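The exercises below concern a predicted model. Each gives a task and then a solution in steps.

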Amino acid sequence: MEELGARPADVARALDVSVSTVYRWMHVGHAPRSALLALFWLTGAGKSMIDCDLYNDATQLRGLVNALMRERRASTLHMPRVAANDPVTRWHGTGFDRVQR
């Protein structure tokens with residue numbers, strides 16, 4: 001609560017509990033784990049952890065995109081180019097053969 005600059009009333013409203021509940025947690029020195037986790041994600045450490053996870057996910061996905069792009073480029077190097085106005089092209093099991101009509 002100190003790091004957030006929150007008053008007990010603010011925490012109570014955010015967690016949908018009574019102000020007396022928040023004061024009781026403060027008096028006994030602990031709160032339910034769910035309440036602590038909810039507040040943690042609002043702190044600097046919680047936000048930093050989220051930023052770190054998002055950065056790592058984005059980096060991993062960019063690597064996947066690059067790998068897929070390399071795979072696509074490699075696969076298209078071995079495929080013949082066929083234009084819409086080319087003669088009929090048919091498949092013979094070993095490759096494409098152009099047939100003049």
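**Exercise 1.** Classify Arg13 as buried or exposed, then determine which salt bridge its side chain enters and which network results.

Solution.

Step 1. The relative accessible area of Arg13 is 59%. The cut-off for exposed is over 50%, so Arg13 is exposed.

Step 2. Side chains of opposite charge can pair when their charged atoms come close. Arg13 meets the side chain of Asp10 in a salt bridge, with an N to O distance of 3.0 Å. That value falls within the 4 Å limit for a salt bridge.

Step 3. Place the pair in the fold. Arg13 and Asp10 both belong to helix 1 (residues 8-15), where they are 3 residues apart, or about one helical turn.

Step 4. Asp10 has a further partner: it forms a salt bridge with Arg7, and here the closest N and O atoms are 3.0 Å apart. The structure holds 2 salt bridges. Through shared partners, Arg7, Asp10 and Arg13 are joined into one network.

Step 5. Compare the accessibility of the other members. Arg7 has 52% relative accessibility and counts as exposed, whereas Asp10, with 23%, is partly exposed.

**Exercise 2.** Locate Asp16, and state what is notable about its phi and how accessible it is.

Solution.

Step 1. Asp16 sits in the loop between helix 1 and helix 2 (19-28).

Step 2. Its phi is near 60°, which is a positive value in a residue other than glycine.

Step 3. With a relative accessible area of 72%, Asp16 is exposed.

**Exercise 3.** Describe the largest pocket: what is its volume, which residues lie nearest its centre, and what classes make up its lining?

Solution.

Step 1. Rolling a probe the size of a water molecule over the atoms shows where empty space is left. For the largest pocket, the volume comes to about 220 Å³.

Step 2. The lining of this pocket consists of 13 residues, and those nearest the centre are Met1, Trp25, Ala31, Leu36 and Leu39.

Step 3. Assign the lining to elements. Helix 2 and helix 3 (33-40) are the elements that give two or more residues to it. Helix 3 supplies the largest share, 4 residues.

Step 4. Sort the lining by class. There are 10 nonpolar and 3 polar residues, and no charged ones.

Note on methods
Residues numbered from 1 in each chain as written. Predicted model: local features only at pLDDT ≥ 70, side-chain atom pairs only at ≥ 80, totals over all residues. Heavy atoms only, no water. Buried < 20%, exposed > 50% of the residue type's maximum accessible area, 1.4 Å probe, protein only. 1 Å grid on protein atoms, 1.4 Å probe; cavity = no way out; pocket = protein on both sides within 12 Å on 5 of 7 lines; lining within 4 Å. Points joined across faces, edges and corners; volume = space filled by probe spheres on them. Nonpolar A, V, L, I, M, F, W, Y, C, P; charged D, E, K, R; others polar.
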